[in-house]
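This report describes the fold and selected side-chain interactions of one protein chain. Please consult the sequence and the structure alongside the text.

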Amino acid sequence: MLLNYKQLGQGPDVILIHGLFGSLENLNVIANALAENFTVTNIDLRNHGRSPHSDSMDYPVMADDVLNLMAHLDIKKAHLVGHSMGGKVAMQIAHLSPELVNKLVVLDIAPVAYKSRHDDIIAALKLVEQHAVNDRKQADQLMAPLIPELGVRQFLLKSYAKNEQGQLQWRFNLATLSEKYRNILTNIKANDSCLCDTLFIKGNDSDYILPEYRDAIMAQFSNAKAKIIHGAGHWLHAQKPQAVNKSIRDFLMA
């Protein structure tokens, strides 16, 4: 499987990896900022964006997809930046092939297993899929009772687009993401500690990285440090782009 990707900039390689139900477009704000000093490869993970669909969906498989793309593009070593699910993919790559990873930046996720928190979102997405919806406004109205947060609905609707037949549909593979959702909640597969320089960036208002996760983080990433972005939640790069971009740039260029 060759992932869909977009490249920009010039310099040392950086690979950006988006989160669940997203696409490479979600990290454009980071890509554009880093392109001043780096060659940025912004990717669509499998079952997302314009990348191929598959019945398989777990962290080793997604990590292999990125490693295959690196080989295809002849990228010998890269910085990895991943948000949420993409952060776990980046961590999985660092454990599978540490020799290919320069520095690692993980946005608002920890190397732990999580409890389900997307049930209403999945139900809302399926509701839209089951109805003959003519535009995004109708889709938004259908989702609103299950997803009251406008910003979350707007994020999801970025992936609601016309196919080649002119019909609106979700770009991500909802069937597989729903069926394999438990795999996305699980922890990465790691047997020892990754020694690469790692920065965990947490949104102050988010509960994805909690104090009790510190031991798990340090056990798997012994050279990790943390940065907290105040006034931001889980979507920290959208809420506080300048602060997040500065934190990433300062860390990668140090």
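A charge is said to sit over a ring if NZ of Lys or CZ of Arg is within 6 Å of the ring centre and within 35 degrees of the ring normal. By this criterion, the charged end of lysine 103 sits over the ring of phenylalanine 251, at 5.1 Å from the ring centre. The structure is a predicted model, and each value below was computed from that model.

## Overall architecture

The protein chain contains eleven helices and nine strands. Its radius of gyration is 18 Å, which agrees with the value near 18 Å for a compact globule of 254 residues. Along the principal axes, the C-alpha atoms fill a box of roughly 50 × 40 × 35 Å. Buried residues account for 52% of the 254 residues in the chain. Among contacts with a separation of 6 or more, 75% are between residues 24 or more positions apart. The accessible surface of the chain amounts to about 11,700 Å², and carbon and sulfur atoms contribute 47% of that surface.

## Salt bridges and charged side chains

Side chains of opposite charge can pair when their charged atoms come close. The structure holds seven salt bridges, and the following table lists some of them.

| Acidic residue | Basic residue | N to O distance |
|---|---|---|
| Aspartate 74 | Lysine 76 | 2.8 Å |
| Aspartate 207 | Arginine 117 | 2.9 Å |
| Aspartate 250 | Lysine 246 | 2.6 Å |

What does the salt bridge between aspartate 207 and arginine 117 tie together? Aspartate 207 lies in the loop between strand 8 and helix 9, whereas arginine 117 lies in the loop between strand 5 (101-107) and helix 4 (119-130), so the pair ties together parts that are 90 residues apart in sequence. Aspartate 207 is partly exposed at 41% relative accessibility, and arginine 117 is partly exposed with a relative accessible area of 35%. The charged end of arginine 117 also sits over the ring of tyrosine 208, 4.0 Å from the ring centre. Arginine 117 thus takes part in a salt bridge with aspartate 207 and in a charge-over-ring arrangement with tyrosine 208.

The salt bridge of aspartate 250 with lysine 246 is set within one helix: both residues lie in helix 11 (residues 241-253), four residues apart, which is about one turn of the helix. Aspartate 250 is partly exposed at 43% relative accessibility, while lysine 246 counts as exposed at 54%.

In the bridge between aspartate 74 and lysine 76, aspartate 74 is exposed with a relative accessible area of 52%. Lysine 76 likewise counts as exposed, at 61% relative accessibility.

## Aromatic pairs

A pair of aromatic rings is described by the distance of the centres and the angle of the planes. Seven aromatic pairs are found in a search of the whole structure. One of them joins phenylalanine 200 and phenylalanine 221 in an edge-to-face arrangement, with 6.0 Å from centre to centre and 70 degrees between the planes. Phenylalanine 200 belongs to strand 8 (residues 198-203) and phenylalanine 221 to the loop between helix 9 (214-220) and strand 9 (224-229), so the pair ties together parts that are 21 residues apart in sequence. Both phenylalanine 200 and phenylalanine 221 are buried. Elsewhere, ring pairs link Phe21, Tyr160, Trp170 and Phe172 into a cluster.

## Individual residue environments

Is histidine 237 buried or exposed? Histidine 237 has a relative accessible area of 3% and is therefore buried, the cut-off for burial being under 20%. This residue lies in helix 10 (residues 236-239). Apart from neighbours within four places in sequence, histidine 237 is in contact with Asn26, Leu27, Val29, Ile30, His83 and Val244.

Arginine 153 is located in helix 6 (residues 150-157). Despite its charged side chain, arginine 153 is buried, with a relative accessible area of 8%. When residues up to four places away in sequence are not counted, arginine 153 touches Asp140, Met143, Ala144, Ile147 and Pro148.

Proline 12 occupies the loop between strand 1 (5-9) and strand 2 (13-17). Its relative accessible area is 45%, so proline 12 is partly exposed. Beyond residues up to four places away in sequence, proline 12 touches Asn37, Phe38 and Thr39. Proline 12 and glycine 82 are 70 residues apart in sequence, and their C-alpha atoms are 17 Å apart in space.

Conventions:
Residues are numbered from 1 along each chain as its sequence is written. This is a predicted model: local features need pLDDT of at least 70, side-chain atom pairs count only at pLDDT 80 or more; totals for chains, interfaces and linings use all residues. Side-chain values use heavy atoms; hydrogens and water are left out. Helices (H or I, at least four residues) and strands (E, at least two) are DSSP runs, numbered from the N terminus. Buried means under 20% relative accessible area, exposed over 50%, partly exposed in between (1.4 Å probe, protein chains only). Contact means heavy atoms within 4.5 Å. Rings of Phe, Tyr and Trp (its six-membered ring) pair if their centres lie within 6.5 Å; planes under 30 degrees apart count as stacked, over 60 as edge-to-face and the rest as tilted. The radius of gyration is taken over C-alpha atoms; the globule rule is 2.2 Å times the number of residues to the power 0.38. Accessible areas come from the Shrake-Rupley method with a 1.4 Å probe; for residues, only the protein chains shown count as cover. A salt bridge is a side-chain nitrogen of Lys or Arg within 4 Å of a carboxyl oxygen of Asp or Glu.
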